[in-house]
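Me: Can you pull up the model so I can ask about the ligand site?

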Amino acid sequence: MATERTLSIIKPDATKRNLTGKINAKFEEAGLRIVAQKRIRLTKEQSGEFYAVHKERPFYDELCDFMASGPVVVQVLEGESAIAKNREVMGATNPADAAPGTVRAEFAESVGENSVHGSDAADTAAAEIAYFFSGLELVG
Ligand code: CMP
């Protein structure tokens, strides 16, 4: 196993309900370290750029509107196998399929408003981290 970093986003449905601390506690309890974090408001254009891989999907416009609808907390999580571990802690994309105790099982409202995003592979993690953070902001 290797120490990895992954990009996490606490989405507008969760920041609106003041859930940042509860979600961060789940990451920390799983052994993930929050090595960078900031609360920002994305424009629809920035949301579209971040989720460009989903451009052709029927939910793309709705997703971009939602991600721009309120503040998000973008963060870098570090730990052993952090990419897979974060996906375990988040649970399945659709909260109806998410395992008990996961962030999405406990907090997500729907498949679209599903409280958190996490990178799905090493190459996307590197690109997504670089989208939001400079090297100077990653203090370990
Ligand atoms: P995320 O892990 O951030 O990656 C892409 C996002 O698209 C996903 O979480 C959901 O928020 C959203 N998404 C996926 N499927 C659907 C869907 N069927 N309807 C609306 N949004 C979706």
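Reply: Here, Ala, Val, Leu, Ile, Met, Phe, Trp, Tyr, Cys and Pro count as nonpolar, Asp, Glu, Lys and Arg as charged, and the others, Gly among them, as polar. This is a predicted model, where local features need pLDDT of at least 70, side-chain atom pairs count only at pLDDT 80 or more, and totals for chains, interfaces and linings use all residues. Residues are numbered from 1 along each chain, and side-chain values use heavy atoms, without hydrogens and water.

Me: How many residues of each class are in the shell around the ligand?
Reply: Four nonpolar, five polar and three charged. Among those surrounding the ligand (a heavy atom within 4 Å) are Tyr 51, Phe 59, Glu 62 and His 117.

Me: Which polar side-chain atom of Lys 11 contacts, N or O, and how far is the ligand oxygen?
Reply: An N or O atom of the Lys 11 side chain is 2.7 Å from a ligand oxygen, a polar contact (N or O atoms within 3.5 Å). For Arg 104 the distance to a ligand oxygen is 3.3 Å, and for Asn 114 it is 3.2 Å. The protein covers 79% of the ligand's 450 Å² of accessible area (Shrake-Rupley, 1.4 Å probe).

Me: Changing topic, how many salt bridges?
Reply: Seven (Lys or Arg side-chain nitrogen within 4 Å of an Asp or Glu carboxyl oxygen). One of them pairs Glu 78 with Arg 5, closest N and O atoms 2.8 Å apart.

Me: What does that pair tie together?
Reply: Glu 78 is in strand E3 (residues 72–80) and Arg 5 in strand E1 (residues 3–10), so parts 73 residues apart in sequence are tied together. Strands are DSSP runs (E, at least two residues), numbered from the N terminus.

Methods
Polar contact = N/O pair within 3.5 Å; in protein donor to acceptor, adjacent residues only side chain to side chain. Helix = DSSP H or I, 4+ residues; strand = E, 2+ residues; numbered from the N terminus.
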